[in-house]
Amino acid sequence: MKLRSFFYLLATIAAGLLLTGTIGFVWLFAQSPLGLLKGGPETNPSAVMFVSRQAPLMASLMVNPDRLESLRLVTAKPQDRKQARSQWTQFQQSILGASGLDYARDIKPWLGNEMTLAVTTLDFDRDPDNGQQPGYLLAVTTKDAERSREFLQVLWQKRALAGTDLVFEQYKGTKLIYDRDLEEAKQNVTQTSTLTQTSSSQKNSPHTSHLTPHTSFASAVVGNRFVLFANRPKVLRDAVNTVQAIELGLGSSAEYQKAIAHLNQGRIGVAFLNFPQLSTWTGRTVNDATGKYENLAIALGVDRQGLIAETALQTDEQETRSLGVTRKGSAALSQPVGALQYIPAISPFSASGQDLAQLWADLSQGVSGYPDVANWANQPIDALQRRWKLNLPEDIFSWVKGEYALGWVPREVTSPEETRLNWVFVADKSTSQAEEAIAHLDNIAKQQGVSVGSLQLDDQTVNVWTRLSTLESTQAGQKAVEAKVAGVHASVGNYEIFAPSVEVMSDLLNSTKNPITKTKSFEDAIAPFSKPNNGYLFVDWQKAQPILEARFPFVKLVRLAGQPFLDHLRSLTLSNYGSESGVQRGSIFVKLE
């Protein structure tokens, strides 16, 4: 063999090995659970074909649950993996409940890479006499059509042995199986579809006329790819109709396509919420208020430290323009605002950003068409207004055009178990409008009979709002005067700081030595977010949990119901990236241990 031919052969072999190695690495990374950090194998749920464009809610998991378990085990510490596996098994069985099914035995062998759950309609029978009857649909992909059919056969055999009467129906080429109840029996009188088989017990039962409605259950296999479950056969029929009339499906909706197009991150799940439909579901009709939120799309991804959800919130852009309302587009903050330096590290909650006036205008305008949401959002505002006797949107929000930070500062009251949450607020006061507004707050205090004075606190002059009252004295004919601090504010650099007491103000002035921004929990919580953004809403769950449970007992019930997930929750953070073409983008990061 010539030397040149030998080198050609050697180069060919080397290139082949390199190509094989590259392909092998890519394949291994794709199969590795760590590949989920860049998203699942699909970017959009294929089962959306079964969901009507009028559906109030749809949520899809687009990765096999076993890969999530593998990712959890890979990222867990070696000493924690046994517990993680046990908790995962516990979670699976809690989902299956009392169905008698075992995930590993009955579902795992055939379960594919997608599960889509949808509320397809608010009232599947459209009968006002029996109230709203929502339709629920679960569409699951199968990797082994034969095994999935065997699963359904066993499932229905168990229900038949338990005394359930079954109906087998061919509907437009799809075989439906469901329970028979009185409601379905009435519907089937007028159904044009053919019943191909019924159980003999139903035909001969002397009690047929005395059947009472009960919770129904229905299933179908579509092709060799999808297994469908629903709470009524009518929901399955509608799903089949939607597939055959593409224009009726959610996937063909311009609003759905627009929202999904604004989700850029790798994802393992997608959710879509139709706000007008959801509002109707709660029994409230949407007001004709303009600028309301239309829908919300969420892309769920995984991070080494937790879960991150990218959001796309659509507003009625045409109606907003008709009002002449101008909304800010791009985000402006490349780092946490300086106002956070006055929020101490012990604070379990903080909200920070820029231009509170614009944020409040957007929020109030967006929820104005939804009474329930508006009332919920206004409750804390109303409570603070009653306490401080202020109109917060006019007296404070309107002049905060620059940076701001809001936080809780817990302080012990009588025992270590008892705490009081004090709201504190820091705002940029560098504008002339701000200076006038702060002076106006002092005037409001005076009009309410509150004295306005000043004192020195840690070499800092602070303004104190004091309310005087008289007390009965032990000596006859004498009365004592009590001075109760109603609030404190101080000018420090470009910021005005508001606190409920002198003690809390002292904490804030000293917080620059140990601010919340220097804590590892805050640094980790904001690390996954893109920059620039519009600030952060941050909840340190480990610090907030005991306080919230002491003040609101139902929080403890929520924590118990959310085990084991909430046992691993460390923080929750939200951020906003601005708006474009009527879509407001943001992210939510859930940090887990």
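# Notebook: a predicted chain, looked up piece by piece

**Ser-46.** I started in the loop between helix H1 (3-31) and strand E1 (57-61), where Ser-46 is found. The model is a predicted one. I looked up whether Ser-46 is buried or exposed. Its relative accessible area is 18%, and buried means under 20%, so Ser-46 counts as buried. Leaving out residues up to four places away in sequence, I listed what Ser-46 touches: Glu-114, Arg-225 and Phe-226.

**Whole chain.** I then took the totals. The chain has 593 residues, and 45% of them count as buried. I counted 19 helices and 21 strands in its secondary structure. For contacts between residues at least 6 apart in sequence, I noted that 67% join residues at least 24 apart. The exposed area of the chain is about 31,300 Å², with 55% of it supplied by carbon and sulfur atoms.

**Helix H5.** I checked the length of H5, which runs over residues 145-161. Its 17 residues should span 24 Å at 1.5 Å a residue, and the end C-alpha atoms are 24 Å apart, so the two agree. Which residues of H5 are buried? I found Ala-145, Ser-148, Phe-151, Leu-152, Leu-155 and Trp-156. These cover an arc of only 125° around the axis, so they sit on the same side of H5. The general rule is that an α-helix has 3.6 residues a turn, so residues three or four places apart point the same way.

I next asked what covers the buried residues of H5. The cover includes helix H4 (103-107) along with strands E3 (135-142), E4 (166-171), E5 (174-179), E7 (218-222) and E8 (226-230).

At the N-terminal end of H5 I found a cap, Asp-144, with a side-chain oxygen 3.3 Å from the backbone nitrogen of Glu-146. Just after H5, Gly-163 has a positive phi of about 100°.

**Lys-172.** I looked into the loop between E4 and E5, since both strands had come up in the cover of H5. Lys-172 lies in that loop. Its phi is positive, about 50°, although Lys-172 is not a glycine. Most residues other than glycine have a negative phi. The relative accessible area of Lys-172 is 48%, so I entered this residue as partly exposed.

**Helix H15.** I repeated the length check on H15, residues 432-447. The 16 residues should span 22 Å at 1.5 Å a residue; the end C-alpha atoms are 23 Å apart, which I took as agreement. I listed the buried residues of H15 as Ala-434, Ala-437, Ile-438, Leu-441, Asp-442, Ile-444 and Ala-445. Seen down the axis, they fall within an arc of 155°, so they line one face of H15. What does the face turned away from the buried side carry? There I found the exposed residues Ser-432, Glu-436, Lys-446 and Gln-447. Just after H15, Gly-449 takes a positive phi of about 80°.

**Asp-459.** I also looked at the loop between strand E15 (451-457) and strand E16 (460-472), where Asp-459 lies. Asp-459 is not a glycine, yet its phi is positive at about 65°. With a relative accessible area of 81%, Asp-459 is exposed.

**Aromatic pairs.** My search of the whole structure gave 14 aromatic pairs. I looked up one of them, Phe-349 and Trp-423: the ring centres are 5.9 Å apart and the planes stand at 80°, so the pair is edge-to-face. Phe-349 belongs to strand E12 (residues 349-354) and Trp-423 to strand E14 (residues 419-428), so the pair ties together parts 74 residues apart in sequence. Phe-349 has 14% relative accessibility and counts as buried, whereas Trp-423, at 23%, is partly exposed. I also recorded one aromatic cluster, formed by Phe-522, Phe-529, Tyr-536 and Phe-538.

**Pro-532.** Last, I looked up the loop between helix H17 (520-526) and strand E19 (535-540), which holds Pro-532. The peptide bond joining Lys-531 and Pro-532 is cis, with omega about 5°. Most peptide bonds are trans.

Notes:
Residues are numbered from 1 along each chain as its sequence is written. This is a predicted model: local features need pLDDT of at least 70, side-chain atom pairs count only at pLDDT 80 or more; totals for chains, interfaces and linings use all residues. Side-chain values use heavy atoms; hydrogens and water are left out. Helices (H or I, at least four residues) and strands (E, at least two) are DSSP runs, numbered from the N terminus. Buried means under 20% relative accessible area, exposed over 50%, partly exposed in between (1.4 Å probe, protein chains only). Contact means heavy atoms within 4.5 Å. Accessible areas come from the Shrake-Rupley method with a 1.4 Å probe; for residues, only the protein chains shown count as cover. The expected span of a helix is 1.5 Å times one less than its number of residues. The arc is that of the directions from the helix axis to the C-beta atoms. A polar contact is a pair of N or O atoms within 3.5 Å; within protein, one must be able to donate a hydrogen and the other to accept it, and residues adjacent in sequence count only if both atoms are side-chain atoms. Rings of Phe, Tyr and Trp (its six-membered ring) pair if their centres lie within 6.5 Å; planes under 30 degrees apart count as stacked, over 60 as edge-to-face and the rest as tilted.
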